[in-house]
Amino acid sequence: MFKWMSGKKTPEGEKAHSLQIDELKEQLKKELVACSDLMFRTLKRNDKKIVICFVSSLIDKTGVDDYILKPIQENTQSGWSVEELAQILPITDLTGANQLNEIVMALIDGKTYIYSEGEPFGFLANLSNTVERSLSHAETESLVFGPKIAFTESLLGNVNIIRNNIKDPNLCMEDLAIGTRSKTSAKLVYIKGIADEANINTFRQRVSQLEIDHVQGTTVLGQLIEGNSWSVFPQLMTTELPDRITLALMSGRVAVLMDRSPDALYGPTPFFTFFESTEDVYMRWNMGFFLRILRLVATFLSVLLTPAYVAVLTYHYEVIPSPLLVSLGQSRSNVPFPPVFEAFLLEFVIELLREAGARLPTKVGQTMGIVGGIVIGQAAVEAGFTSNILIIIIALSALGSFTTPSYLMGTAIRIIRFPIILMAGFWGGIGIMVAFCFFIIHLLKLDTLGRPYLAPIYPLNLKDLGYSIFRFPSQFLSYRPVTNQPEDKERYSAKKAKEKKDVDE
Amino acid sequence: MQRRHKWKLIMVNIACVLTLCSCVETKQLEKLGLITAQGYDLEKENEIKGTVVVHKFDPLAENLTKVITVKSHTSKALRQEQNLEIDQKLVTGQLRCVIYSKELAKRGLSQLVDALNRDPTIGNMVYLTVADDDALSIVNIDQSKLKVNLGTYLYNLIKQNVESEQLTSPTLHEFNHNLQDHGKDPVLPILKLKGEGVTISGIALFKGDRIVGELPSNKLFYAKVLYDKYKSGTHELGFNRSHFKQIIKNQGRENKEVYDRLFISIDNIRSHAKIKLIDKEKLLFRVEVTLDSRLLEATEPLDLTSTKNIKFIEKKINKEMESQIKQLLEFFKKKQVDPIGIGNEYMANSREKPLSKKEWRELYKDAKFEVRVDNTIVKTGVID
């Protein structure tokens, strides 16, 4: 900040502003193009002028009144030199500045510049006021158990929540600026000593080397820095739950928080992370275990049930068990379309319902759900549009895809169903197999921050199964997930945990 | 450049795959006529009569099954002929039951069964049966009273009896296995018309692929005991009443003359049969049968309170069973059939080259049997 005093040559584009107040005003007006809310307040005493510049929409006006104007006006005996001003202004965040660029950036940031004419530099006072909503319930990841608090758009607030969750001095927050024009401030969050250095470096490097004018939020940031942007599968996870981030940090993952973004991005997140809910952890382990398996089975069914219906009814009538044969055949004989078309039609209707339900306000959405349910459930079958067994199957697979805690992954699962149905219509069971193998191979090839995407299934890591696919009780989880390669591997000492502490001893 | 090349290659591959092998023949369920049961009769020399029960789906039709009878020389030609008479494509993938007439079975089934084996759409769990008279009359029974189609009905009829352990499973797989097995012969259930329904009247004993004898349904128990394990089953035994005089309770009445014999019914049987070759030279086999059973019904009030009486009944039952089993084995020997697999037992115990079917039949003529039954009455039911 006192660069000009150190005698170094000022670099190109950096120059001190004019020492004349009128000229300073002109300079600032010129720099801040068409900025109608740029305001100046000039005070005069004994031929000495002092100017206070700020962008009125960004500052706390009463703050400026109370902490800048009032002390200056009331302290009549003290002068207006830099040293004297620094004494009388009751502001914590006060820095000296005289570079025009720096001042312009600070003004946009919501700071107030106080300059006393003739002095070598002025002060930047932080009295900014950003519009924020208060903390609220998590909406996209709703929970029954556990903390309900969700991140908001304020980076400072979010950092506050995380710092309160983890009171570890090793919790690191590195400042990052994202976007060459927008310069959104962001923070790289990790716990030093737990998180793997390689993960931190990969994350830092990918974010800081990003050259783009503006990044809309962490979800977009995730898309920009993930390994394969052609894939439907998200490779980095965003969440609005601070406790999810806390869990992730404690298990050695790295997160990025961005200003103006209510989600935190974290990684490395292998495939099965997207099927974990924080609720599994809060619940008793056996319930959590059951729910995780339930979710995986639901996903599996969701992907394969409709294609199986199509394949069986188009090619493999031999495998239909005889009790089902009559009801299947009867309901199918009313339908004028081939099974592929029928399945596509109904999947399309379900997707329409879902999308319309998501776009509409909640009150209308409910009505629409009922109407849609009746229309599809009753009328479509009676009109001979679809078979009622397919309706059950489609409903089941739609439900299955909604059980995924991550909305992105749920959408991915719904989308990959379509090519598999198509292949089932082309080649029957072989088609399903081909399409399914394609997806498996694709998943095997993906990576998340350079780590294998299908871990801990491939490469198989038996120790981590208790963390991802299953949920083991915590006496078996004395270590942090190995796939994250944490530096501090232990959560607690397993040896010590086995020692009995009897009163008699 | 490299990447573009890769994409081109992928596109070409997909295009090739789609154009070169796209149109697989579709078999949409509702457009098929599903054959659920087939019957074969011998029409005359060189000609067989095939009858099929076809299940088809039509939203408007009431009766969903149709019976088609045609005559031809081979079973596939029959299908061609049958296909001319129906509006939906005939397929065999849902075939549940095949009925051969006894006439046909006497002349050998192997070619007709072979036709089933070669067809990949026909499962191994299809039931094979023999009609007591002709297959046509069974296939042609009035189906309006059946809730399901005939194929499924017959399938359930047999399956139910297999599950309640009255029959040995007559699947295509087992028939094939036993037909090829040098030390065992196949058996199939015999279907008979009874009133408006169908009943299983016994099992047909095959020598190779030809039927040579029949076992009536009341003898099935012993065949089954020897054939494989019992887990739950019921059997009724008849005895001379006078043998039991000492344990019959006289409830005031002197003599009840409804039955002149005493019948005892045992159920919940667990059995285990062991056939052992004792003397290789003399071809002496020992058949050991162990049974655990529950005595639930007797036609006379028996005094079951003392262990002595129970032991007495056990002994009687043992004796009766032993003689019945012995009779059955002799009957099999006389008929030159081996449905129990005594040949396999012999071959398992002789360390020579496995015998051919013919060699075993030569030896079988001289086989001797020694039967031991060890029956335990575990419970006699609950009496308040």
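Let's start with the largest nonpolar core. This is a predicted model, and that core holds 150 residues. Which residues touch the most other members? On chain A they are A:Ala255 and A:Val256. On chain B they are B:Ile99, B:Tyr100, B:Ala204 and B:Ile325. The largest share of this core comes from helix α15 of chain A, residues 407-427. That helix gives eight residues.

Take B:Ile99 for a closer look. Leaving out residues up to four places away in sequence, B:Ile99 touches B:Ala37 and B:Gly39. It also touches B:Thr129, B:Ala131, B:Ala135, B:Ile138 and B:Val139. B:Leu191 completes that list.

There is also a second, separate core, of 24 residues. Its members include A:Leu24, A:Val64, A:Leu107 and A:Tyr115.

Now the contact between the chains. Chain A puts in 18 residues, and chain B puts in 17 residues. Which elements of chain A give two or more residues to the side that touches chain B? They are α10 (285-314), α11 (322-333) and α15. The largest share is from α11(A), with seven residues. By class, this side of chain A has nine nonpolar residues, seven polar and two charged.

Last, confidence. Chain A has a mean pLDDT of 87. In that chain, 97% of residues reach 70 or more. Where does pLDDT stay under 50 in chain A? Look at residues 7-11. For that stretch the model has three contacts beyond four places in sequence. Where pLDDT is low, predicted coordinates should not be read in detail.

Technical notes:
Residues numbered from 1 in each chain as written. Chains lettered and ligands numbered in written order. Predicted model: local features only at pLDDT ≥ 70, side-chain atom pairs only at ≥ 80, totals over all residues. Core = buried A, V, L, I, M, F, W, Y, C linked by C-beta atoms within 7 Å. Buried ≥ 20, exposed ≤ 12 C-beta atoms within 10 Å, placed from the backbone. Helix = DSSP H or I, 4+ residues; strand = E, 2+ residues; numbered from the N terminus. Contact = placed C-beta atoms within 7 Å. pLDDT = per-residue confidence, 0-100. Nonpolar A, V, L, I, M, F, W, Y, C, P; charged D, E, K, R; others polar.
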